[in-house]
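Let's take a friendly walk through a protein model. Please have a look at the sequence and the structure before reading on.

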Amino acid sequence: MGTEAAASAVGLLRSQIPFQTDGELVLPPRGVGLVLVDLCNGFCTVGAGNLAPVAPNKQIEKMVGEAARLSKLFCDRNWPIFAFLDTHYPDKPEPPYPPHCIIGTGEENFVPDLEWLEKEPNVTIKRKSCIDGYISCIEKDGSSVFADWVAKYQIKTILVLGICTDICVLDFASSTLAARNIDRVPPLQDVVIYSEGCATYDLPVEVVANVKGALAHPQDLMHHVGLYMARGRGAKVVDRVVVEP
């Protein structure tokens, strides 16, 4: 699909399933936590693996930049950050996706711009072995690392950034909202997704035409769909994030 045709398709989609964002999120001085979803090499660094971009990608680059900016802001203020890193064992595949983020490959680690987060005391890192980060936090005894984090810091609002908008970000947001609705993550009230801090992958229709079993995944369309679906689940979607004066 050419550039003009792709833009036309995105425009048509947005006209058929439009939604209004919540505009601007003003970060309060307390009660807010930052959740980073899979800012790892295997999804974000060019050539790093089967699910990494094959060439520089503006949407992904912007997401990484915004994640770094907001992470620094949170760390400077000692505000809590919860970071998911997709991490898999080689003998446990995750259909329908090819092997990715395998332990020991480096794909499962933070992108270079965020490696510094590993040493920050306000950052909780959770290596997840499934698409849905919320589910990955549930322990065998029924406890939840994520719910414990929310309770520990008395978080009422989580700001969510990451990849992929329509897959891991959407699944985490949907499960968290469902849990909130039945009082499983008190005192959480709002799940806020930052549209400019999220991205998804690009697999154009003309590429999958020659790949058996592959599904087309045009980036801009699926980014919009992911945000639309999250909005429908009850998440707030913002396109600006600022600090309270």
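## Loops with an unusual backbone

Our tour begins at Q154, which sits in the loop between α5 (145-152) and β5. Keep in mind that this is a predicted model. Although Q154 is not a glycine, its phi is positive, at about 50 degrees. Is Q154 buried, partly exposed or exposed? Buried means under 20% relative accessible area and exposed means over 50%, so Q154, at 48% relative accessibility, counts as partly exposed.

D183 is another residue to find, this time in the loop between α6 and β6. D183 is not a glycine either, and its phi is positive, near 60 degrees. With a relative accessibility of 64%, D183 counts as exposed. To see what makes such places worth a look, remember that most residues other than glycine have a negative phi.

## Two cis peptide bonds

Most peptide bonds are trans. Where in the chain can you find a cis one? A cis peptide bond joins I163 and C164, with omega at about 0 degrees. C164 belongs to the loop between β5 (157-163) and α6 (165-181).

P186 and P187 are also joined by a cis peptide bond, and here omega is about 5 degrees. P187 lies in the loop between α6 and β6 (190-199), and D183 is in the loop between α6 and β6 too.

## Checking helix α8

Now try a small check on helix α8, which covers residues 219-233. How far apart should its ends be? The expected span is 1.5 Å times one less than the number of residues, so the 15 residues of α8 should span 21 Å; the end C-alpha atoms are 21 Å apart, which agrees.

The buried residues of α8 are Q219, L221, H223, H224, G226, L227 and A230. As you look at their spacing, it helps to know that an α-helix has 3.6 residues a turn, so residues three or four places apart point the same way. Just after α8 comes G234, with a positive phi of about 115 degrees.

## The largest pocket

Finally, turn to the largest pocket, whose volume is about 750 Å³. Its lining is made up of 27 residues, and those nearest the centre are L51, Y201, D202, L203 and H217. Helices α6 and α7 (205-208) each contribute at least two residues to this lining.

What kinds of residues line the largest pocket? The lining has 20 nonpolar residues, five polar ones and two charged ones.

Terms used. Residues numbered from 1 in each chain as written. Predicted model: local features only at pLDDT ≥ 70, side-chain atom pairs only at ≥ 80, totals over all residues. Heavy atoms only, no water. Helix = DSSP H or I, 4+ residues; strand = E, 2+ residues; numbered from the N terminus. Buried < 20%, exposed > 50% of the residue type's maximum accessible area, 1.4 Å probe, protein only. 1 Å grid on protein atoms, 1.4 Å probe; cavity = no way out; pocket = protein on both sides within 12 Å on 5 of 7 lines; lining within 4 Å. Points joined across faces, edges and corners; volume = space filled by probe spheres on them. Nonpolar A, V, L, I, M, F, W, Y, C, P; charged D, E, K, R; others polar.
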